[in-house]
Amino acid sequence: MTKKTVGQVTEEEKNEILQLFERRNGLNELAKILTPDNDTLYQKLVKDMGETGIKFQSWWDLMAAKYQWEGSENGHWEINFDTCEINLVTE
Amino acid sequence: MLEYLIIQLDDTSTSYCHYEIGAKEHKLMPLETLKAGIRFGMLENLMIQFVYPDYKLPDDYAAAIESIDHNKIVSSLCEDEALKAEADVMIFHEWTGLSLAQLDEKKSYVLRTAKADLFDRYLFLKDVISKVMRLNIVITDVETFTEEDFEKYKQILHILSEHIEKAYVAGKSPQFNILTDRMMLEKMNNCGAGISNITLAPNGKFYICPAFYYENEEDCVGNLENGLDIKNPQLYKLDYAPICRHCDAYQCKRCIWLNRKTTLEVNTPSHEQCVVAHLERNASREMLENIRKHGSFMPQIEIKEIDYLDPFDVREHWDEELLQQELIKYHQENY
Amino acid sequence: MGEMQIREDARAWQSGMAKNITFIVTKDCQLACKYCYLVGKNVKERMSWETAKTFIDYVLSHEDDFPEESVIWDFIGGEPFLEIDLIDMICDYLKQRMFELNHHWFNSYRFSFSTNGINYHEPKVQKFIEKNREHLSIGITIDGTEKKHDLNRVYKITERGSYKDVVRNIPLWLKQFPGGGTKVTISSADIPYITESVLHLYSLGIHEVNINVVFEDVWQEGDDKKFEEQLLSLADAIIDGGYYQDYACSFFTEQLGKPLDPVYDNNNWCGAGRMLSVDAAGNLYPCTRFAQYSLREKNAWIIGNIKDGIDKNKLRPFLTLDRITQSNSECLNCEIASGCAWCQGENYDAADTPTVFQRATAICKMHKARVRANNYYWNKLYRKLELEGKREEFEKNKKESNPTIC
């Protein structure tokens, strides 16, 4: 596995994805304890998971288009929340 | 610097401030203790203020008291009519007594009142203010003020300030602590407990103020035998009160005892004490401006317009630099 | 493309921006550590579910009073994992209620634990970790070598050392929390073991050792000299052994030992008052150190309870407390003041009157010794790096230690 820094986002942009990242983790862990018996809350969770997933992917699409980062077919991008750097990680 | 010694002659000596004396029974200060207290005051060059109980003192006590220049603080309920006539400050604990009393235009009076009575009967104060040299209001439950109470108090101050304004325009100079004091002050003038005054209780021990004695007799700061022993004395000073040192509600009592009761620290006032003091400050400011519409008056005094009622709420904007230089200087001089 | 990984230091998470809310779930512990400041530990005061729930409902229904962006729900004891069933219920309820109420903390929370590590491997604890993995920060306290650890960290009654029962769980913990750091406390009797203990912890795979001397007045004549000698030997070992590249020890910090500006460096060190703690009785405190079981001399500083909420007047001293107002002139004029820590709770407990405005100075000599050793460390390290032409690279990648003191 190799890692290469291919760009950087702004602090505000980092905060957007950090919040979505945290929310997604929260939803995933909430999903482990909520059951369909609690219908209202379960529906709210399912809806939120869908919306958060879409927002999450939209951020990456938008940023990739904005910054035109280098990519690779057998790799993926990561963000370093400490530095706002985007790394390309290849297998 | 210590200037005053307050001597509580008896456990039932009248309260002249926020505290209640509670269920204490008569316990007169031993005559030898009284004499030793007077001697302490003379040696330390302190002005003594005697706080009297409601019964007549034995003659030998009166003789000891008269051996030194002093002030007498006496309750309106005191049985000793001769003493009442000599009192420098007379304390009223309820409104009816005040309404029936023969007031002396050369005397100072204190009215201790609950907020509810003040809100109901404040108009009566117009008459009292006109008849006396000075009237101090002590609100005994100031720590219970709510937002609604603040609003009522603001309105009351406004109404009373109009009356005082007219008196000033007519050439009189009534003194009413919650409205006229701030108008006359260029720096903090607080109660000074632990700094400018100290209290000697009937047990021969010193206390920061009578309230500390009534709350807990163990809470003393020395005794007549060994002298004063105030731990952390700096905490009673303005420089060591982070909120107060940023404040210009100079007339505030800055009650050390209420501070400790409400915030657990002697140097930190409660929100309620701060807001009440700022409502008074702002009413004084408005009154000063109105008086000046009739001619020049106290030109050296400037009370700025501010947009807060509690300095704590604007703590992020405090200008620390100058104050801290003073603190450092204080440290260098005192440690 | 677009998969993300998080890279953050869990212990410094949202440093300064997070509200720290502590549940004192129990005042019981398997151990009776000799330096423990908790003088009132007992087996009776265990938090009930009703108390915990009422507290959570109070906090979450007063969102305006807690504007901090993030929250750290902290669990302490005694030993918190003795109450794993309750903790599990609390965390589930928190997650559910934060989501249900659309509370802003649902987007930014952590569950934090400081444990003695003895029952870390137990199924209930492991199940809890698995369930909450992404939101957990767990620190295991291990003091160093077996000898040093067992000097203080002993079981109740038997006084048997606990080292073996803790160290067996370290590999599992480091597997689950690879960046996990440990907290080491130094008292007078521990001084001779500092160097070997830190190196031992490194050898266990712990890359971050947060170590500090106790704030209490326990120091003997000559302890500062012995302390300095230990730190010098530790400095040599870290530098000569090359540990500085991947390991951190909080004793050596570049910002340490500088003069502090009276105006611009006037902040309070301690976070008491910005935190909130609740105990089994439902009383609220500005920090756990103000609960009665932590205090030797003074009464608990209670700022409210779960029924009536927080009495904001009782927080005013903490929120206006600054360095100058609580320091004596020696501290104020100290030319090596930076990094000299204090604990507001210990200040209160040791003060001449019941105040938080009197700074305890029992660690003064120890701080001075630490500063001298710290100067030696950085002078030696930078010279070595310069001679090797590696200083720039080191500056870029250096691992900062966590200055947490509590």
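This passage walks through a predicted model, looking at how chain C meets its partners and then at sheets in chains C and B.

The contact of chain C with chain A is a good place to start. Here 26 residues of chain C are in contact with 33 residues of chain A. The two chains bury about 2800 Å² between them, and carbon and sulfur atoms account for 56% of that area. One salt bridge crosses this interface. It is formed by C:Arg110 and A:Glu22, whose closest N and O atoms are 2.9 Å apart. Side chains of opposite charge can pair when their charged atoms come close. Eight residue pairs in polar contact, both residues being at pLDDT 80 or more, are also counted between chain C and chain A. On the side of chain C that touches chain A, the elements giving two or more residues are α2 (84–100), β3 (109–115) and α3 (123–131) of chain C. Of these, α2(C) provides the largest share, with five residues. Sorted by class, this side of chain C has 11 charged, eight polar and seven nonpolar residues.

Chain C also meets chain B. In this interface, 28 residues of chain C are in contact with 32 residues of chain B. The area buried between these two chains is about 2400 Å², with 58% of it on carbon and sulfur atoms. Within chain C, the residues that lose the most area to chain B are C:Asn313, C:Arg316 and C:Thr320, which together make up 26% of what that side buries. C:Arg316 appears again in a salt bridge with B:Asp310, where the closest N and O atoms are 2.7 Å apart. Two salt bridges are counted between chain C and chain B. Polar contacts join 10 residue pairs across the interface of these chains, with both residues of each pair at pLDDT 80 or more. The side of chain C that touches chain B receives two or more residues from each of α9 (316–320), α10 (323–326) and α11 (329–332) of chain C. Helix α9(C) gives the most, with four residues. By class, the side of chain C that touches chain B divides into 12 nonpolar, 11 polar and five charged residues.

Turning to the inside of chain C, three strands form an open sheet with parallel pairing, in the order β5-β6-β7. Strands β5 (181–186) and β7 (248–249) of chain C stand at the edges and have a single partner strand each, so one side of each is left without a neighbour in the sheet. Strand β5(C) is joined by six bridges to the parallel strand β6 (residues 208–213) of chain C. One of the paired positions brings together C:Gly181 and its bridge partner in β6(C), C:Glu208. Helix α7 (residues 194–203) of chain C packs on this sheet and touches β5, β6 and β7 of chain C, its direction making about 155° with that of β6(C).

Two details of the backbone of chain C are also worth a look. The peptide bond from C:Gly77 to C:Gly78 is cis, with omega near 20°. C:Gly78 sits in the loop between β2 (70–76) and α2 of chain C. On the other side of that helix, the loop between α2 and β3 of chain C holds C:Asn102. Although C:Asn102 is not a glycine, its phi is positive, at about 55°.

Chain B has a sheet of its own to explore. Nine strands of chain B form an open sheet with mixed pairing, in the order β7-β6-β5-β4-β3-β2-β1-β8-β9. The edges belong to β7 (175–176) and β9 (206–207) of chain B, each with a single partner strand, so one side of each has no neighbour in the sheet. Strands β1(B) and β2 (residues 47–51) of chain B pair in the parallel sense over five bridges, and B:Ile6 stands opposite B:Gln49 in β2(B). Helix α6 (residues 124–131) of chain B lies across β5, β6 (134–139) and β7 of chain B, running at about 140° to β6(B).

Over all chains, the structure holds 57 salt bridges. Among them is the pair B:Glu20 and B:Arg112, with the closest N and O atoms 3.1 Å apart. B:Glu20 lies in the loop between β1 (4–8) and α1 (31–43) of chain B, while B:Arg112 belongs to strand β5 (residues 108–113) of chain B, so the pair ties together parts that are 92 residues apart in sequence.

Notes. Residues are numbered from 1 along each chain as its sequence is written. Chains are lettered from A and ligands numbered from 1 in the order in which they are written. This is a predicted model: local features need pLDDT of at least 70, side-chain atom pairs count only at pLDDT 80 or more; totals for chains, interfaces and linings use all residues. Side-chain values use heavy atoms; hydrogens and water are left out. Contact means heavy atoms within 4.5 Å. Buried area is the accessible area (1.4 Å probe) that two parts lose on being put together, summed over both. A salt bridge is a side-chain nitrogen of Lys or Arg within 4 Å of a carboxyl oxygen of Asp or Glu. A polar contact is a pair of N or O atoms within 3.5 Å; within protein, one must be able to donate a hydrogen and the other to accept it, and residues adjacent in sequence count only if both atoms are side-chain atoms. Ala, Val, Leu, Ile, Met, Phe, Trp, Tyr, Cys and Pro count as nonpolar, Asp, Glu, Lys and Arg as charged, and the others, Gly among them, as polar. Two strands pair if DSSP finds at least two bridges between them. Axes are lines fitted to C-alpha atoms, for helices over the stretch in contact, and angles run from 0 to 180 degrees between N-to-C directions.
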